[in-house]
Structure formats: C-alpha cells, structure tokens
Amino acid sequence: MNRNPRGKESFSFPLSLIPTAMTEHLSPISQERLTALRRLFHQHAETGMAEFWTTARIAEELEALGLSPVVGEKVSRQEARMGMPDDATLRAAEERARREGAPHSWLERMEGVTGLVVNIRPDLPVHTVLRFDIDALNVQESDSPEHRPVREGFASLHEGICHACGHDGHIAIGLGLAHELMRRRYLLTHNVRLLFQPGEEGCRGARAMVAAGWLEGAKHFLAAHIGMWANENHALVCGARGFLATTKFDVEFSGRAAHAGAEPQKGANSLLAAASAVLNMHALPRHGEGDSRITVGTLTAGSGRNVIADHAFMTCETRGATTAVNDYMFEHCRSIIEHTAAMYEQHCNIRLMGGSDSAGSDDSMIRVIREAARTVPWFHEELMRDSVPGYGSDDACVPMAAVQKQGGDAAYLMLGSRLAAGHHSPDFDFDEKTLLPSVELLTKIVLMLDVI
C-alpha cells in the first residue's frame, strides 16, 4: 500500500490503462471510509431475513457509484426462502428501519424482501460472482468499556442483536470492492456480480438466491470471511474445504391434554413423544462415508404440572460431511419423528428452517488467490495457507456447489485479522486494518479471473 498526500491509505493499479472519464469522479477507497462504513452497519445490526435498514443503505451506496442494484422479489425465489420471521416481526423491523433513516425510496422498492444483487457490467455476460453476507446475530453485545464498539461509540443500537461474526466488515469490503471495480469498469471483459445475501446465520438465504437464477452461467464464485481459521493479522486462508452440509428444522407435536391424576388415559402426551424422538434421533447409526451430526437444541412442552402435555416444540439440525450424508441423517430423523408421532397419537409438523450443501474450494482458484495475495503487502507469505477444514457450515456452500455443478470453480477465503473474542461471542471484534487490504486482494483476484 502507499499513502496519498493527505496521508490516507490507498492502493493503486495502472490507472493509465483506464479511460479518464471512468476515474475522474472516483478516488481510491480509503481505510477511513471503509472503517466508517463498517461502524455504521455495526450500529444498525439486523437479524436474518429482516435486514431492511442494511439492504436499503447498501443500495443507496451502490447507486451513488452509478450502479443499479436489484432489490425486491427478483432477488430471491419466494417458495425457496427458509426460516422467514413472522409477519409481525418483519413489519416491526421495517418500521424500525424507517425510524432510523433508511432511504424510503429503496424500502418501497424492496417489497418486504431483504438482500440485493448488483452487476458491475450488466452489458456483458456474467463471469465472476461474489457473495457478501449482511445479517447479524441474536446476541446481546458486550457493554464492557473495554469492548471497542462501546469505547469508541459504535455499539449496536438494538437490544439483543449485534454483529458478532464480522458480517458488518463483509458489507464494507463488498462496497469497497464495488467502488474499486467501478474505477476499473472498462478493464472488465465480463460482468462481475455481487450478492449481498440475507440470512446467512442458520443457512437461510442463499438457496433462494440461487433458485432465482443469479448463479446461472457463472464461471467463478468467491466468498470471504474475516477471521475464522485466519485469526491473526496478515494471515490468509486461500480456500476452505470440508464444510458440513446441514438441514435446520423445527418440529411441533400436537396431542391431547387431560387431567394427569383423574383421567391420564384420555391424554396423548406430546412431551413423551418429543422426548422419545430426541433419544432415537441421537441414537441414529453414523454414516460410513463421513462425519455426521444431530443436535436438538431446544425442547419446550406442556402447560402445567398436572396436565398431560398436548404440545411440544423442538429446534433441530443435522449435518454431514457430504450432502448425501446429511440427507441420510435428515431423512432418518424425519422417519423417527413421524413414527414416534403415530405411536403417541400425535399430529406432527416438520418445518424446514434452513440448509446448505457441502462444498470445498477448487485448486485452480486457490492458485489465483495465492498469486494475487503475494502482491498485497498486508498478507504475509509465511502466514498464508492453501486450505483448512471448513468452520462448521456456511450458506456460501449453496452457490459454491451450484457453480461447480455447472463446470465452474469456487473458493472460500478467510481474511486474516486479530480477534478480540471468538465468533458469535458478545465481545467479538476484529481489527479494522484488514478491510482495505481485503478490498485490494478481492479486486486483484477479480481482475485475474476476468481473463481466465
């Protein structure tokens, strides 16, 4: 990196190759601007599929660059959306966004749907697609004076919601990339498409965007995450592999209430049905072709000490080393739930709440990423790794798998940063100095991929 006369960190490409008309209104993105964007989105944290303020503000930023973001029903296929909040929650989130100054014109165009897509060169065939997740978590942010967002005045404004995974940084990087690509727009021989994806947490948003056709024809796909296994400054993971496929689902049992002392025989006990299902799901034999997981995270049931429980509710997930292994786990769980319901005279309802495929980074992409990273001083050669195991599951695996199935290649990067605490912790924070070099890295990768 170099410094401009005002001391702001910036980076440069051979701008002599770019038409003057394309660059005269855009200066290089600065560290200060990226930091300000990250902190703005951190303050206005919103949970998955309800990111109204976030989507509208991203759209406004992109429009100011001369781009035409796509919002609303076109962004994701309605029947493929999973884990949607109820109508009251969505209305409340949208109204809060209005109160907090979200651009009303963009809120109207969103039609109650969050997330957006933007094409850098819509006049050319799509070639490279990048995904940036935009949702926050249902986590109460730390109020410790040692927590930097508190100390420096950009902590979440919303009780019980905060960016505890770095997606606020991902938004800033995505906007920075859009800025830098617009400065080099006429160097591109193909379209570059950016997906600002809602609902990554719980793997809820990607499948509907893929179903809407935004990956069709793409040759390359990239997703990036701050930290994870690259949890020190100057580190880089060029391509994660081994993400677990997953299915998230809720289960409801409905039985019959009865007096537990006088007429227990007239009841149909939902609590016992749920408990039996939990034990049998956890007793499933594991798969010989890879790791498998089953977790029942919550179970609530019944209404009183002396009442046969007539309802029970469980939140569950399966995972597998491959999509096939995960499908094996989920289908067997479904069978157990349905047969247990019959045994205990229950009506049961299984609702899919999220899901992702398994996927891994391609060697071809890893080579490009490493080559690009060698030209970015922030990333140190001795701290670069070609691949690491995936960090649980990630919704980016759905578009990764979609592009790979149509003959393209994909990669999932991990951008090095020192972390104040682990992901999803109330004290989570990352080093903002990673933002500008991450934009530089992604810009260089995109320009390299454009000619492949």
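Residues are classed as buried under 20% relative accessible area, as exposed over 50%, and as partly exposed in between. This classification is applied here to a predicted model. By this criterion Arg334, at 28% relative accessibility, counts as partly exposed. Its salt-bridge partner is Glu331, with the closest N and O atoms 3.4 Å apart. Glu331 is likewise partly exposed, having a relative accessible area of 42%. Both residues belong to helix α10 (residues 323-343), where they are three residues apart, about one turn of the helix.

The structure holds 34 salt bridges in total. One of these joins Asp394 to Arg131, with a distance of 3.3 Å between the closest N and O atoms. Asp394 is located in the loop between β14 (388-389) and α12 (397-405), whereas Arg131 belongs to strand β4 (residues 126-133), so the pair ties together parts that are 263 residues apart in sequence. Asp394 is buried, its relative accessible area being 3%, and Arg131 is also buried, with a value of 1%. A further salt bridge connects the side chains of Arg184 and Glu180, at 2.7 Å from N to O. Arg184 has 0% relative accessibility and therefore counts as buried; Glu180, also at 0%, falls in the buried class as well. In addition, a network of salt bridges links Arg38, Arg39, Arg148, Arg151, Glu152, Asp168, Asp429 and Glu432.

Strand β4, which carries Arg131, is also part of an open sheet of seven strands. The strand order in this sheet is β3-β5-β4-β6-β15-β7-β13, and the pairing is mixed. The edges are occupied by β3 (116-119) and β13 (384-385), each of which has a single partner strand, so one side of each is left without a neighbour in the sheet. Strands of a sheet pair through backbone hydrogen bonds, in either a parallel or an antiparallel sense.

Within the sheet, β6 is placed between β4 and β15. The pairing of β4 with β6 is parallel and extends over four bridges. Val129 has Phe221 of β6 as its bridge partner. On the other side, β6 pairs with strand β15 (residues 409-415), again in the parallel sense, over seven bridges. Here the bridge partner of Phe221 is Ala410 in β15. Strand β15 also pairs with strand β7 (residues 236-237), in this case in the antiparallel sense and over two bridges. In this pairing Leu236 stands opposite Leu415 of β15.

The burial of strand β6 (residues 220-226) was examined residue by residue. Seven of its seven residues are buried, so the strand is largely enclosed by the rest of the structure. His220, Leu222, Ala224 and Ile226 point one way from β6, while Phe221, Ala223 and His225 point the other way, and all are buried. Helix α13 (residues 435-449) is mostly covered, with 14 of its 15 residues buried. At 1.5 Å a residue, the 15 residues of α13 should span 21 Å, and the end C-alpha atoms are 21 Å apart, which agrees with that expectation.

The largest pocket encloses about 850 Å³ of space. It is lined by 34 residues, of which Glu201, Gly202, Cys203, Lys248 and His424 are the closest to its centre. By class, the lining comprises 13 nonpolar, 13 polar and eight charged residues. Strands β9 (245-254), β10 (292-301) and β11 (311-320) each contribute at least two residues to the lining of this pocket. The largest share, four residues, is supplied by β11.

The loop between β10 and β11 contains Asn306. At 45% relative accessibility, Asn306 counts as partly exposed. Asn306 is separated from Pro85 by 221 residues in sequence and by 33 Å in space, from C-alpha to C-alpha.

Key. Residues numbered from 1 in each chain as written. Predicted model: local features only at pLDDT ≥ 70, side-chain atom pairs only at ≥ 80, totals over all residues. Heavy atoms only, no water. Salt bridge = Lys/Arg side-chain N within 4 Å of Asp/Glu carboxyl O. Buried < 20%, exposed > 50% of the residue type's maximum accessible area, 1.4 Å probe, protein only. 1 Å grid on protein atoms, 1.4 Å probe; cavity = no way out; pocket = protein on both sides within 12 Å on 5 of 7 lines; lining within 4 Å. Points joined across faces, edges and corners; volume = space filled by probe spheres on them. Nonpolar A, V, L, I, M, F, W, Y, C, P; charged D, E, K, R; others polar. Pairing = 2+ DSSP bridges. Expected span 1.5 Å × (residues − 1).
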